[in-house]
Structure formats: structure tokens, C-alpha cells
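This briefing is meant to be read beside the sequence and the 3D view. Please take the topics one at a time and find each part in the view as you go.

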Amino acid sequence: MTDKPRRLLPMLGHSGGSRDAMTCLYRCGNACDHPVANRSGNAYLADVVSAELSRRGVIRAGAVGGLVLGFGAAAAASPAAAAAPVAETLSTGRTRAGALTFQAVAPNTRDAVTVPPGYQTSVVIRWGDPVLAGAPAFDVRQQTAARQSRQFGYNNDFVGVLPLPGRDDRALLVVNHEYTNEELMFPGFTGPDALTVEQLEVAMAAHGLSVVEIERAGRTGRWTPVKGRHLAYNRRITALATRFELTGPAAGTEALRTAADPGGRTVIGTLSNCSGGITPWGTVLSGEENFNQYFVGADQAPEAARPGLARYGISATARYPSGSRKWDRAQERFDLAKHPNEANRFGWIVEVDPFDPDSTPRKHTAMGRFKHEGANVVVARSGHVVAYMGDDERFEYLYKFVSEKKFLPGRSQLARQHNLTLLESGTLYVAKVTGDSPAAEIDGSGKLPADGGFDGRGQWIKLVSGNKSYVPGMTAADVLTFTRQAGDAVGATKMDRPEDVQPSPRTGKIYAAMTNNTNRGVGANAPVDEANPRRANRHGHIFEITEDHGDHTGTTFSWQLPIVCGDPAAADTYFGGYDKSAVSPISCPDNVAFDSAGNLWISTDGAPSTLQTNDGLFAVPVEGRERGHLKQFLTVPVGAETCGPFITADERSVFTAVQHPGEISGATIDKPASVWPDGGYAKPAVIVTWRPDGGPVGS
Ligand code: FEO
Ligand code: CA
Ligand code: CA
């Protein structure tokens, strides 16, 4: 136990962001140390884009789409029933906006999970626990890729819980494994160059997703994995060996073809799976985020490929220094000098059908390629499905996808098969926003403008629809594969690292976490604006979107910032106008979720560096008199980030992912900074928190 996060050995490559240096290295390849990837001026820059594409050699004759800057403009009876549908969302007004009744957890630096009085918490599953039948018992000194491929992976992030049809005591737990931290996994670790190929493959097998059947413990809110030999749904998806199918307009196109896959339609593995969402038809979406850090050799990639690589943070000037993952030693495809298109096959939204363990997971090109945090789907009044998505890097953009086809309700096999195709074709938009206060009143200090709020209007700018591009100089496939450049071309608004984006099932309003951006308004970087109003934004904010007429398929919206994070005692924070003496400090909002009462739950990633406390999970009403009354629900152990969360529809269980416990610079598995949850050394794990009295969590 320790009261303060320990600082052990100094570590090279620490960045100016809001995380520990070790997190920076392994999570995002020290993104903060690299130049800002978005160098666009964000005016209408068709000529620049054309020049860039021309350099990449990808302009095709007749491919220029029309310019549009007009801003006005369940298997059979199972999964569909099983999913927690976000479905028709515009039941305005009828929110249960009562106060959250739990006693807020005080900020702390304990090496433990701390929950409110009257709540209990336990580990559901941890790194190394068996997932597939016959998985060997975990032995950290005997790990092999074959063993890890049957065990729960590392660094759990997204958490989804999908009830099995007709049962309230069985469910499928679907979890992302975003990345690995070799220092904390391999005893005797001395550096990435010393890892054996087998160890590299262990790390690759510890990435991906897990599907685990879980059961309720008695009638409580506690859940545990089902044990036995016949675990029909359990599955491991890895970066090592799982085959994915590319769908949509960019599948099979030139930029996605490689020597191993000349057709450009099949990819091995998934990388950096961060957050995600559950669809109304009972599948799971997962965002491939910091895929750039897995590749070497960009400086020796063909000249034409380099701008496209650089825009995604893949260095065109140098191989990564010592500290890169060196996966090219295990699989040559990670060397861009030899396989320059391999990086283009990551950065997609992945769809997994957990109810069909034999199904091939898919990467949907129609939803664009960027550093996807995740995707959350809502069914619009028209029946089209709409996915809201963030690109998590400094000065990147917010997006939405509107399906071409309409959602088919019902539980028939026909409906399910149809709904499984919804994300394969549609229209992709990027957000441009403006504020309604004079620019002089947005001074970077966080002081509210005279009209009392950071707020304004926004447009969804159409980038591509089916096979038709709306970005001059780019084909539809270009727009989908190099979506960041498309956003640059149409003048999208540079945001402060858009993370998870979640529609409220109660009001239809959309909530996006802007986690932080210490470069905002600094030096030559983009200045503050009303949507990103603080200079050197360390603590982040919540961005709330209200689509005009409640139409998720529309192209105009209004927005405001209901929460500007940080220490409530500081002048630059805002909590919906609520009495700030009654709210918890919060920094670096990351994942967001709703409970069925309409409260917003927010997990954080960065509080140890910005507030000198452990990260945590918070809940806040967003409607009525309690709007802004944010309270801390739990804290996670030393060095950990809080992920998930998932609140079950019966409001009896809160699932949370405890990611990278003990990830403190200089710590190793032999010299750990955390020993949660089992002692000895740290293991990432999914936990569940419940009320023994059976009452609803939160409210
Ligand atoms: Fe993997 Fe955007 O956090
Ligand atoms: Ca305003
Ligand atoms: Ca995240």
C-alpha cells in the first residue's frame, strides 16, 4: 500500500501530456513528444489536398467529387433481444433527474479500488484468467503466445455486457485489450530489444478483445465468469492471428492491398482497441486508436505514402527510437519500408458479433479511418442508424456516420442479417462548430463569456456518401482511408482530443469527452475558441450536442459545454451552474456512458498528473435541477486509468475496467508500483460494483 504514486526510475521520452511517462510510451507511442499531426489551416484547402494526394500518387482521373460546403444542407431470437438498445431516443423530457444518492468518494492515492459506503466491489476477471476452455492456469514465468491466446488479455478498456436471451442471470462480457506494457508483464524485462519473438507474440496475443460468458451471483449485482468445458460463446480475438474482413467502399482498393493480401479485403489482427459501443442489433463496436505506434520504417516507405502516414502520426523522418514495440521482429508486415500499406489496414471501427463465435469480425471502411476512440449507435426516427465518433488526438475532429439502410426491428433471423450490414454503407460527416460569444470574451482563462456559457452552433459537413466523395481531389476511398485529410480539407473544427461520444438514451443529446490538450493556444498551435476555451487545457471538458429538431440524421446542431473539468475550487471550472462546493474534482474525462435513469457516467485518464490523485469514475445528472452535480463513484489503484464503464439496464451493477494499474515510470513487474488486485504485482482487471441491499446504483 502506498499513499502517493511512487516515482521510481527516471524514464526517457516523457511527454508534456497528462499521463505518466510509461503510459505515454506504451499507450500512444509518446504522441505528445511528436509534432502535432494536424498541421492543417482548416480553411478550404482543396489545392493543398490535391497537391498532397498528387504527391502520394493517388489522384485518379475523374475522381473529384462535387464540392459541398453547404452547411445547411439479434441471432434469431437472441442478440437483438439481448442487446441494450439505445433505439428511438427522442423521448424528450421524461428524465428521472433525481439526485445521485451515493456518498462521493474522496480523492485518494490508495493502491486499491475505493467505492462509496454501502457498496461492494469485486474482480470479475483479470489478465491471465482462462477464457477458452482448456486455458492453462496463469503462470507469469511460463507465458507463451498459445497460452495467452486462450487467456484474458492485457489492459482492458471498453466493457460491454450483453444479456443472454431470456435470462437476467447470464450475459456476455465483451472487453477490449487496448495495449500491453512489457515492463509490467515480463519478469526480468530489460528493454524491447531483449524480448524474444515468443514474448513479442505473447504481447500480440494479449491485445484485441475477449468475449466471456458471465453469471450473476445469486440475486445480487455481482457477476463472475461461467466455468466449465462448454463455454459456447467465449472467444479471444488477438492482434496475432485473428482474421478480419474489410467492408465498405474502401475495401479492396489500392491503399489497402498488401503482398499478403493482394485483394485488400482481409486483415490479420486488430490494434489499440480503445472504447466502443453496443449496437441495437446486439453486436459490439470497437475503435482502433493509436495504431501508429506499432509500425517502423516509415522513413523508408515510398515517398508517395509518407504524407498519409505522417498525418496519422507515423514518423516519416525516423524509425522509432528504442522503446518501440519492435513487432517487426515477429511479423515483417509491421515494417513499412517493406509493407507501406499495412498501416492503412488499422484505424477502423471493428464490429464483432459476440453471439456467433465463429463469425469473422469486420472493419467498416464506410465509417472512416482515424484514431477511433469508439463508436456509439443510435436509431434515428427515420430508422437510419447513426454512429457518433471521436478521433482521439490533439486538434482532431468529431464525426458521425449515417447508414444508408434502415434498422429492421424485431428478432427474426432476417432482421438480424439485415442489421449486420447497416455499417457497411452510408454517409460520413465531420463537425464544424462556431461559438455565439464575441471572440474577445474567449480569453483562454476559462472565464465564462458574458452570455453565461460556452455554447454555439454546429454543422455536420458531408465528406462521403457511398461511393461519392464530397471532398475535392479525393475519391471516396481516399476520404475513407485518409479521413483526417478530408476533415482538413473541409475546415472541420480542431477539438481538444475527442474521446468517447455517447447519445443519451433519455434525451437524444450527445455527450463527447474532450480529454485535454496542453497544446491548445500555445505557440503556433490553434488558438482557443468557444468550444475549446482554455489555453493549455490540462483538465478537459464535456461537449454536449443537441441535434436540430432532434434529428440524428440532420446536418445542424447546437452545442454547449455542461462541464469544464478540474478542481471545482478553481475559477476556470464549470459544472452546469451547480454549486461548485458540492461537486467532486475531475480531470481528463475519457469514457462516457449512461445509466437508464439518464445520468452521465464519466471515467478519467490523467488525474494522477493533473490533480495528484488516482483516476476514477464519476456520475452526474445532465437534466433538471441536479444538472452538473457531479460526484465521484469510485477510485482505481495507483497508476491505473478508469475505463468502461457499463451500467446494467437494471441499474444493479456497474462494470469498470481498471487499466494499467502500477503504470508508473520506472516500475517493473519485479519492482512494482502497484500490487492490485492479488498482491505480488499488478494485473489489469474488470471489476463490478453493486449494492448488497439490491438497490439501484447511483440514484
Ligand atoms: Fe485509448 Fe482515447 O483513449
Ligand atoms: Ca456563449
Ligand atoms: Ca479511452
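**Helix α5 and its surroundings**

Helix α5 is followed by Gly-208, a residue whose phi is positive, near 110°. The model is a predicted one, and every value given below was computed from it. The protein has 10 helices and 32 strands, and buried residues make up 66% of its 699 residues. Its accessible surface comes to about 22300 Å², and 53% of that area belongs to carbon and sulfur atoms.

*Helix α5 and Thr-238*

- Helix α5 spans residues 197-206, and its buried residues are Leu-200, Val-202, Ala-203, Met-204, Ala-205 and Ala-206.
- These buried residues of α5 pack against α4 (145-148) as well as against three strands, namely β3 (170-177), β4 (208-216) and β6 (235-237).
- Thr-238 is found in the loop between β6 and β7 (243-247), and with a relative accessible area of 5% Thr-238 counts as buried, because the cut-off for that word is under 20%.
- Leaving aside residues up to four places away in sequence, Thr-238 touches Met-204, Ala-205, His-207, Gly-208, Gly-269 and Thr-270.
- Thr-238 and Gly-269 are 31 residues apart along the chain, while their C-alpha atoms are separated by 5.7 Å.

*Helix α1*

- Helix α1 covers residues 21-28, and since eight of its eight residues are buried, it is largely enclosed by the rest of the structure.
- Its buried residues include the two cysteines Cys-24 and Cys-28, along with Arg-27 and Tyr-26.
- The buried residues of α1 pack against two strands, β30 (641-647) and β31 (653-659).
- Just after α1 comes Gly-29, which takes a positive phi of about 60°.

*Paired strands*

- Strand β2 (residues 156-163) is mostly covered, with seven of its eight residues buried, and β2 pairs with β3 in the antiparallel sense over six bridges.
- Within this pairing, Val-161 has Leu-173 in β3 as its bridge partner.
- The hairpin formed by β2 and β3 has six residues between the strands, and in this hairpin Gly-166 takes a positive phi near 75°.
- Further along the chain, strand β28 (residues 616-621) pairs with β29 in the antiparallel sense over four bridges, and in β29 the residue that stands opposite Gly-616 is Thr-635.
- Strand β29 (residues 631-635) has five of its five residues buried, so it is largely enclosed by the rest of the structure.

*The calcium ion (ligand 2)*

- The calcium ion (ligand 2) is coordinated at 2.2 to 2.8 Å by Asp-436 (OD), Ser-437 (OG), Asp-451 (OD), Asp-451 (OD), Gly-453 (O), Asp-455 (OD) and Glu-530 (OE), and in this list Asp-451 appears twice.
- Along the chain, the donors of this calcium ion follow the spacing D-S-x13-D-x1-G-x1-D-x74-E.
- Two of these residues, Gly-453 and Asp-455, are both buried.

*The calcium ion (ligand 3)*

- The protein donors of the calcium ion (ligand 3) are Cys-274 (SG), Glu-373 (OE), Asp-590 (OD), Asp-590 (OD) and Asn-591 (OD1), and they lie 2.3 to 3.1 Å from the ion.
- In sequence, the donor residues of this ion are spaced C-x98-E-x216-D-N.
- Glu-373, in the loop between β12 (362-364) and β13 (376-379), and Asn-591, in strand β26 (residues 589-594), form a pair that links distant parts of the chain, being 218 residues apart.
- Glu-373 is buried, with a relative accessible area of 0%, and Asn-591 is likewise buried, also with a value of 0%.
- The arrangement around the calcium ion (ligand 3) is irregular because its six donor atoms subtend angles of 47 to 167°.

*Cysteines without a disulfide*

- A disulfide is a covalent bond between the sulfur atoms of two cysteines, and if a pair of cysteine sulfur atoms must lie within 2.5 Å to qualify, the count in this model comes to zero disulfides.
- Cys-588 is in no disulfide, as the nearest cysteine sulfur, that of Cys-565, is 8.2 Å away, and Cys-588 is buried, with a relative accessible area of 0%.
- Cys-643 is also in no disulfide, its nearest cysteine sulfur being that of Cys-274, 6.7 Å away, and at 0% relative accessibility Cys-643 counts as buried.

Methods: Residues numbered from 1 in each chain as written. Chains lettered and ligands numbered in written order. Predicted model: local features only at pLDDT ≥ 70, side-chain atom pairs only at ≥ 80, totals over all residues. Heavy atoms only, no water. Donors = N, O, S within 2.8 Å, 3.2 Å for Na, K, Ca; no water. Tetrahedral: all angles 85-135°; square planar, octahedral: opposite > 155°, others 65-115°. Buried < 20%, exposed > 50% of the residue type's maximum accessible area, 1.4 Å probe, protein only. Areas by Shrake-Rupley, 256 points an atom, 1.4 Å probe, with all protein chains shown as cover. Pairing = 2+ DSSP bridges. Contact = heavy atoms within 4.5 Å.
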